[in-house]
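The exercises below are meant to be worked with the model open, and each task is followed by a solution that goes step by step.

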Amino acid sequence: MICADTVEEREAALEKILPYQQNDFEALYEALEGHPVTIRFLDPPLHEFVPTEEEDIKKLADAQGKSVEEIEAIITSLHEFNPMMGHRGLRLAVTYPEIAKMQTKAVIRAAINVQKNHVNWEVKPEIMIPLSCDAKELKYVKDMVVEVADAEIEKAGVALKYEVGTMIEIPRAALTADEIAKQAEFFCFGTNDLTQMTYGFSRDDAGKFLDAYYDAKIFENDPFAKLDQDGVGKLMETAIQLGKKTNPNLHLGICGEHGGDPSSVEFCHKIGLDYVSCSPFRVPIARLAAAQAAIANK
């Protein structure tokens with residue numbers, strides 16, 4: 001799909017990917033037994049998916065009917081100096097709408113199938129569009145998702161509810177959340193990226209200098225492990241206040257490693273978040289922290 005030259009080639013490749021996505025989503029709905037499922041659309045930069053070994057590049061070239069040199073040129077063209085701030089998230093959906101359309105079909109078709117098999121469940125997908133920074137940008141992708149989803153539901157002749165929301169992981173999104181909330185039914189704070197962009201340093205590279213910050217008592221904690229309540233937290237509070245102003249029904253969550261840190265969970269509870277999402281091994285700690293925060297709040 002990444003190495004396709006035309007929209008038609010890309011769509012043909014996506015048709016092959018669709019059943020895999022649909023099977024994954026069906027398994028998710030089955031596991032959640034009727035609870036809401038939030039599915040984030042494709043987020044990483046495309047270069048993360050291309051082969052790096054010579055042998056694999058040769059296989060891809062043969063499969064694509066291209067020369068090794070042509071494939072290498074495509075791989076080189078995907079190189080970005082700062083990929084985490086580059087061509088990823090909903091920017092992929094803006095440049096390649098067919099990716100978001102395929103994922104929407106997979107999400108909705110899977111939900112329809114599982115709902116038919118479990119009539120006593122209410123399968124309700126929550127489609128999460130990552131990395132938005134502007135309401136017009138989000139509307140562009142949301143309109144496309146809604147058009148495809150509604151067409152799939154109508155074709156199946158069923159009544160299926162779904163929601164479309166976004167991740168707040170760019171400071172500009174937090175500061176313009178009143179406009180973004182007009183296009184989103186929920187916010188999920190992607191605090192890994194929000195921390196990176198607020199501090200201006202990379203989670204992957206910060207280890208090279210953070211020890212010096214601890215030694216100098218500039219920082220007491222790793223801001224990627226314990227949520228920075230003074231800076232990142234203020235952006236979150238601003239986004240909640242602005243978002244709720246234009247969309248009182250907005251529901252809110254956090255997605256990132258901070259979702260498993262007790263003090264961060266307590267802060268999220270205090271500012272009015274509805275849920276936390278974190279790595280599986282952190283879930284017991286997150287549940288305990290959420291319970292303690294609820295009791296303390298009483």
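**Exercise 1.** Determine whether Glu33 is buried or exposed, and compare its backbone and setting with those of Leu131.

*Solution.* Glu33 counts as exposed, because its relative accessibility is 54%; here buried means under 20% relative accessible area, exposed over 50%, and partly exposed in between, with a 1.4 Å probe and protein chains only. The model is a predicted one, in which local features need pLDDT of at least 70 and side-chain atom pairs count only at pLDDT 80 or more, while totals for chains, interfaces and linings use all residues. Residues are numbered from 1 along each chain as its sequence is written, and side-chain values use heavy atoms, with hydrogens and water left out.

Next, place the residue: Glu33 lies in the loop between α1 (7-32) and β1 (37-40), where helices (H or I, at least four residues) and strands (E, at least two) are DSSP runs numbered from the N terminus. Its phi is positive, about 50°, although Glu33 is not a glycine. Most residues other than glycine have a negative phi.

Then turn to Leu131, which also is not a glycine and has a positive phi of about 70°. Leu131 belongs to the loop between β2 (125-129) and α6 (135-156), but this residue is buried, with a relative accessible area of 0%.

**Exercise 2.** Work out in which order the six strands form the open sheet, and describe how α6 packs on it.

*Solution.* The order is β1-β2-β3-β4-β5-β6, with parallel pairing; two strands pair if DSSP finds at least two bridges between them. β1 and β6 stand at the edges with a single partner strand each, so one side of each has no neighbour in the sheet. On average, neighbouring strands are turned by 30° against each other, direction ignored; axes are lines fitted to C-alpha atoms, for helices over the stretch in contact, and angles run from 0 to 180 degrees between N-to-C directions.

Within the sheet, four parallel bridges link β2 and β3 (residues 163-168), and Ile129 stands opposite Thr166 in β3. Against these two strands packs α6, touching both β2 and β3, with its direction at about 145° to that of β2; contact means heavy atoms within 4.5 Å.

**Exercise 3.** Find how many residues of strand β5 (residues 251-255) are buried, and trace its pairings.

*Solution.* Four of the five residues are buried, so β5 is largely enclosed by the rest of the structure. On one pairing, five bridges join β5 in parallel to β4 (residues 186-190), with Phe187 opposite Leu252. On another, three bridges in the parallel sense connect β5 to β6 (residues 275-277), where Ser277 is the bridge partner of Cys255.

**Exercise 4.** Identify which residues have the most contacts inside the largest nonpolar core.

*Solution.* They are Tyr29, Val107, Ile108, Phe187, Phe189, Met236 and Leu273, in a core of 57 residues; a nonpolar core is a set of buried Ala, Val, Leu, Ile, Met, Phe, Trp, Tyr and Cys residues joined through side-chain atoms within 4.5 Å. Helix α5 (residues 97-117) supplies the largest share of this core, ten residues. As for Phe189, leaving aside neighbours within four places in sequence, its contacts include Ile168, Met236, Leu252 and Leu273.
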